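Work through the exercises below with the sequence and the model open side by side. Each task is followed by a solution in steps.

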Amino acid sequence: MSRIGVVKTCKLYIGGSYPRSESGRTVPVADPQGRVVAHAARASRKDLRDAVEAAAKAADGWASATPYLRGQILYRVAEFMEARREELVESIRVVEGSTAGAARKEVERSIDRMVSFAGWTDKMPSLLGGQCAVAGPFYVMSVIEPIGVAATVAPPAPSLLGLVTALAPPLAAGNAVVALASEANPLPGVVLSEILGVSDVPAGVANVLTGGVGELVPAMASHRQIGVLGAIGLPAEVATAAGEAAAESLKRLRLVDVPVERSGLDDHDRWTDLDAIRPWIEVKAIWHPTSIA
Amino acid sequence: MADSSPSTATGADWTLAPAPESLKVPLEPRPGLFIDGGFSDPVEGRRFPSINPATESALAEVAEAGAADVDRAVDAARRALKDWRRTPPLERAKYLFRIARRIQDRSRELAVLETMDGGKPIRESRDFDVPAVAQHFFHHAGWCDKLRFLRDEPEPVGVCGQVIPWNFPLLMAAWKLAPALACGNTCVLKPAETTSLTALRLAEILREVELPPGVVNIVTGGPETGRLLVDHPGIDKVAFTGSTEVGKRIAASCATRRRKVTLELGGKGPHVVFADAAIDQAVEGIVSGIWFNQGQVCCAGSRLLVEESVLEEVVEKLRHRMRSIRVGDPLDKNTDLGAINSRAQLERIRHYLRRGEEEGAVLHESGDAALPDRGFWCRPTLFTNVQPTHAIAREEIFGPVLVAMSFRTAEEAVSRANNTPYGLSAGVWSDKGAKALEFARRMKAGVVWCNTFNRFDPASPFGGYRESGFGREGGVAGLREYLA
């Protein structure tokens with residue numbers, strides 16, 4: 001008899017652990033022919049709250065880690081993505097029916113994007129902050145800081161590149177992040193969360209949920225501990241409602257109506273520029289008098 | 001000298017057992033020149049010995065690049081430039097990230113070799129030099145695909161001729177190569193005559209990570225090799241770190257050829273302590289400021305200026321602290337002060353020790369423990385009763401020699417601190433933030449450390465005002481030097 005394979009249970013990634021949804025729910029993930037290839041956890045609002053709690057605990061440590069250390073850790077994530085690229089390729093290909101070539105291209109772009117953000121950590125302060133030439137005897141610096149806990153939502157597609165594009169900027173900027181993987185194909189998000197778990201990313205700094213946009217995004221928008229909500233390619237009605245809910249806590253919002261077509265996220269320069277980082281930071285001006293007396 | 005037993009006020013015995021670094025680094029007895037991706041012998045066949053300054057024993061017969069070799073290296077860099085500058089930025093980045101990672105992998109080997117070749121304590125090469133080298137490559141790797149934030153259409157300068165000193169051999173190589181490569185330039189690097197070995201080890205790493213041949217070429221040799229390189233018609237930019245004397249000659253040569261140039265030259269850094277400073281912390285800052293790397297640091301805080309009311313206290317604490325500085329075997333993990341880099345440098349330091357006493361300053365030397373029979377050694381030294389006109393107060397000694405003077409008012413501190421042709425670094429200690437920051441504003445120096453000293457980071461620009469050179473290394477300013 002041929003060997004029976006061991007099938008991976010797809011779980012959430014919260015606080016450095018891999019729990020099932022507390023709700024006990026899963027959703028079938030099917031290939032283009034409708035065959036079920038996996039079951040993903042369907043996170044509940046309670047799972048989201050747990051993830052936010054884990055992120056809030058980890059936020060200070062990550063924010064005060066040196067930018068160099070944050071950069072090295074993100075680079076480590078890229079190293080492990082490279083090591084597990086075949087698995088990432090499969091996670092895209094099996095569900096989405098893309099050609100191996102296209103899936104490979106997407107994985108390579110995703111790794112490169114992570115590398116690029118690994119290089120951002122110790123540079124963004126120079127480009128987004130600086131001296132303020134005030135008219136008086138003061139030494140004034142504007143410095144950037146992470147907002148704290150960030151929620152970020154990946155577009156339906158491209159599943160992996162979209163998630164990396166949503167996740168890497170807030171992480172590089174020093175936020176602890178709760179990310180929602182593509183609802184259409186959560187599997188690359190599951191693999192990425194397994195990579196995050198072994199890449200020296202401190203527990204709770206990156207949390208990855210799989211589940212429904214319609215269920216979780218409104219909860220993200222109204223959660224008061226989340227300081228900023230970013231999302232790429234939300235359905236219009238979800239985006240509008242999220243904006244209205246976020247207003248209640250004056251949550252920062254960065255809703256990008258992407259070009260849902262795949263090429264929309266391929267442009268490396270556009271998705272790795274300063275506008276990709278600005279939504280995830282606060283600017284602080286620090287004043288100090290100068291006087292030799 | 002492992003038995004140096006500094007006496008202390010408590011009379012406690014501070015002797016430590018020897019803790020020698022155990023890693024044996026295999027040495028290449030006759031290393032070649034690194035040109036076009038491979039090692040080759042010098043055309044004219046000349047070689048010179050590289051010795052361990054702590055033992056005076058030979059480490060290798062290093063190749064001396066002559067005119068034909070420099071030609072080969074510049075040609076290789078020119079040929080490599082065409083593809084390298086057009087390599088997609090993120091691909092260039094990945095080469096630099098690989099270099100950083102391999103340096104981290106091989107850090108212990110590099111640290112031991114750096115210490116053997118240059119004489120610096122293993123504690124410094126292990127905890128400062130080599131980690132900083134890796135960080136420098138890592139930082140600049142990340143810039144490759146972000147140059148568009150500095151220029152609309154970032155283009156490299158071209159082929160860079162880079163000449164580096166012996167005080168931080170591998171770190172200076174990183175400071176030169178990393179930004180140049182990030183911007184798409186190709187390089188010919190000349191290490192200092194007495195410290196070629198770690199640069200050649202870096203060449204091995206460049207091969208390991210499959211950096212395309214010719215992108216970096218390393219030509220070892222003495223001053224003549226350096227002159228051949230900086231005067232070579234085939235290079236587009238010169239970057240030099242070294243003495244002000246040589247720097248002036250290079251500035252003239254580059255002016256004649258209308259060539260881009262950056263220079264990191266000498267210094268005589270003022271280190272100012274106000275009476276309202278945290279004195280114990282200031283004393284630690286002074287110690288690191290002058291006795292880090294045997295004082296062979298261009299930005300050393302070599303001119304101590306102390307507010308008169310606390311002069312006696314600072315000098316007393318300093319003399320006490322000096323007694324616990326361990327001089328000796330650089331490969332011992334407990335050593336604070338290693339060997340002077342060369343006999344010539346030791347002679348230069350001794351000249352100033354004599355000169356200081358002749359001029360009437362009072363010399364305080366730490367410890368009377370025996371120094372090793374062989375090797376080049378100088379104990380931590382402090383001069384008091386120093387006048388600003390003394391040679392030891394004006395000229396760069398480049399050794400573990402501190403001169404202490406006093407001031408009465410803040411205005412006097414500013415004017416005396418700036419009273420030098422140099423302008424590389426300055427330090428100030430005061431618990432009044434407003435005073436420290438205003439003092440920093442008035443310093444004619446490229447780096448000012450407030451309530452700290454000798455801090456370096458690839459994200460922060462380093463370089464001099466006035467005769468300490470021009471151009472910056474590190475930070476956004478440093479990167480721009482390598483963009484056309």
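The exercises concern a predicted model and proceed from chain A to the contact between the chains and then to chain B.

**Exercise 1. Determine the strand order of the open five-stranded sheet in chain A and identify its edges.**

Step 1. Tracing the pairings across the sheet gives the order β7-β6-β5-β8-β9 in chain A, with parallel pairing.

Step 2. β7 (206–209) and β9 (252–256) of chain A each have a single partner strand, so one side of each has no neighbour in the sheet, and these two strands are the edges.

Step 3. Ignoring direction, neighbouring strands of this sheet are turned by 15 degrees against each other on average.

Step 4. Within the sheet, β5 (residues 149–153) and β6 (residues 176–180) of chain A run parallel and are joined by five bridges. In this pair, A:A151 stands opposite A:V178 of β6(A).

Step 5. Helix α1 (residues 45–64) of chain A lies across β5, β6 and β7 of chain A, and its direction makes an angle of about 150 degrees with β6(A).

**Exercise 2. Describe the hairpin formed by β1(A) and β2(A), and locate the cis peptide bond between A:A157 and A:P158.**

Step 1. Strands β1 (residues 26–30) and β2 (residues 36–41) of chain A pair in the antiparallel sense through five bridges. One of the bridge partners is A:H39 in β2(A), which faces A:P28.

Step 2. Five residues lie between β1(A) and β2(A) in the hairpin, and in the turn A:G34 has a positive phi of about 90 degrees.

Step 3. The peptide bond that joins A:A157 and A:P158 is cis, with omega about -5 degrees. A:P158 belongs to the loop between β5 and α6 (159–172) of chain A.

**Exercise 3. Characterise the side of chain A that touches chain B.**

Step 1. Chain A gives 24 residues to the contact, and chain B gives 25 residues.

Step 2. On the side of chain A, the elements that supply two or more residues are α2 (67–83), α4 (100–118), α5 (124–128), α10 (268–271) and β10 (281–289).

Step 3. By residue class, this side of chain A comprises ten nonpolar, ten polar and four charged residues.

**Exercise 4. Assess the overall form of chain B and the contact between its domains.**

Step 1. Chain B contains 15 helices and 17 strands. Along the principal axes, its C-alpha trace spans about 65 × 50 × 35 Å.

Step 2. For 484 residues a compact globule would have a radius of gyration near 23 Å; the value for chain B is 22 Å, which agrees.

Step 3. Of the 484 residues of chain B, 56% count as buried. Among contacts in chain B with a separation of 6 or more, 72% involve residues 24 or more positions apart.

Step 4. The domain assignment divides chain B into domain 1 (33–265 + 467–480) and domain 2 (270–457). The centres of domain 1 and domain 2 of chain B, taken over C-alpha atoms, are separated by 29 Å.

Step 5. The contact between these domains takes 20 residues from domain 1 of chain B and 26 residues from domain 2 of chain B. On the side of domain 1, α3 (107–118) and α4 (122–143) of chain B are the elements that give two or more residues, and α4(B) gives the most, with four residues.

Step 6. The residues on this side of domain 1 of chain B divide into six nonpolar, eight polar and six charged.

**Exercise 5. Is B:A180 buried or exposed? Which residues does B:A180 touch?**

Step 1. B:A180 lies in helix α5 (residues 169–182) of chain B.

Step 2. B:A180 has 26 C-beta neighbours inside 10 Å; the cut-off for burial is 20 or more, so B:A180 is buried.

Step 3. Leaving out residues up to four places away in sequence, B:A180 touches B:C160, B:N185, B:C187 and B:Y482.

**Exercise 6. Locate B:E56 and B:N451, and classify their exposure.**

Step 1. B:E56 is in the loop between β3 (47–51) and β4 (58–63) of chain B. B:E56 is not a glycine, yet its phi is positive, near 65 degrees.

Step 2. With 14 other C-beta atoms within 10 Å, B:E56 is partly exposed.

Step 3. B:N451 is in the loop between β16 (447–450) and β17 (469–470) of chain B. Although B:N451 is not a glycine, it has a positive phi of about 55 degrees.

Step 4. B:N451 has 16 C-beta neighbours inside 10 Å and therefore counts as partly exposed.

Note on methods
Residues numbered from 1 in each chain as written. Chains lettered and ligands numbered in written order. Predicted model: local features only at pLDDT ≥ 70, side-chain atom pairs only at ≥ 80, totals over all residues. Pairing = 2+ DSSP bridges. Axes fitted to C-alpha atoms, helices over the stretch in contact; angles between N-to-C directions. Contact = placed C-beta atoms within 7 Å. Buried ≥ 20, exposed ≤ 12 C-beta atoms within 10 Å, placed from the backbone. Nonpolar A, V, L, I, M, F, W, Y, C, P; charged D, E, K, R; others polar. Rg over C-alpha atoms; globule rule 2.2 N^0.38 Å. Domains from an automatic or database assignment.
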